[in-house]
Amino acid sequence: MKAFQKTTFFLLTLIAIAACDNGPRLPEADLLVQVEGYLSGNEREGIMVQVYLTREDAEDQLGAITPPLWTDNYGEVEIFGLETNRRYFVRADARATKTVRKSKRLNFGINVCRIRIL
């Protein structure tokens, strides 16, 4: 009887674990945004960057899919967990100007989007 109970418990545990499986994971893309000065070519620190699905949303600052992120000392921001095979619109805001750029179609792994701003 104890062997039956142990076997039943083991099988129920396996079923419970299998039920928790979320299925196959979709591959994710990461986006490295590099912001540099238009005239100087130097990295720009402290520039606010956000990612949007459409150009109109980026220009109007509506429905950003990332929170505001600021470039580091190297003028870079890393964004993780984006969908592959999709283009995004990246907005970079400096004090006096804004720039919106369309990314390339993202592949699995690290992708780069370079933005030149005044």
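Tutor: Let's begin with a rule: a residue is buried when its relative accessible area is under 20%, exposed when it is over 50%, and partly exposed in between (1.4 Å probe, protein chains only). We'll apply it to a predicted model, where local features need pLDDT of at least 70, side-chain atom pairs count only at pLDDT 80 or more, and totals for chains, interfaces and linings use all residues. Residues are numbered from 1 along each chain as its sequence is written, and side-chain values use heavy atoms, with hydrogens and water left out.

Student: Okay, so why is R114 called exposed?

Tutor: Its relative accessibility is 52%, and the word exposed applies over 50%, so R114 gets that label.

Student: What makes R114 and E36 a salt bridge?

Tutor: The rule asks for a side-chain nitrogen of Lys or Arg within 4 Å of a carboxyl oxygen of Asp or Glu. R114 and E36 come to 3.9 Å, N to O, and that fits. R114 belongs to strand β7 (residues 109-117) and E36 to strand β1, so the pair links parts of the chain 78 residues apart. Strands here are DSSP runs (E, at least two residues) and helices are runs of H or I with at least four, numbered from the N terminus.

Student: How many salt bridges does that rule give?

Tutor: Four. Two others to look at are R86 with E83, at 3.5 Å, and D93 with R91, at 2.8 Å.

Student: Are D93 and R91 buried or exposed?

Tutor: Both are buried: D93 has 14% and R91 has 8%, so each falls under the 20% limit. Elsewhere, E36, R114 and R116 are joined into one network by salt bridges that share partners.

Student: And what about R86 and E83, what label do they get?

Tutor: R86 has 31% and E83 has 48%. Those values lie between 20% and 50%, so both count as partly exposed.

Student: How do you know that R116 sits over the ring of Y38?

Tutor: The test wants CZ of Arg (or NZ of Lys) within 6 Å of the ring centre and within 35 degrees of the ring normal. The charged end of R116 is 5.1 Å from the centre of the Y38 ring, and it is listed as sitting over that ring.

Student: Which polar contacts does the side chain of T71 make?

Tutor: One reaches the backbone oxygen of R44 at 2.7 Å, and another reaches the backbone nitrogen of I47 at 2.9 Å. A polar contact is a pair of N or O atoms within 3.5 Å, where one must be able to donate a hydrogen and the other to accept it; neighbours in sequence count only if both atoms are side-chain atoms. T71 itself lies in the loop between β3 (69-70) and β4 (76-83), and at 5% it is buried.

Student: What makes Q61 and N85 worth a look?

Tutor: Most residues other than glycine have a negative phi. Q61, though, has a positive phi of about 55 degrees, and N85 has one of about 60 degrees. Q61 is in the loop between α2 (55-60) and β3, while N85 is in the loop between β4 and β5 (89-93).

Student: Why is N85 called exposed, but Q61 only partly exposed?

Tutor: N85 has 55%, so it passes the 50% mark. Q61 has 39%, so it stays in the middle class.
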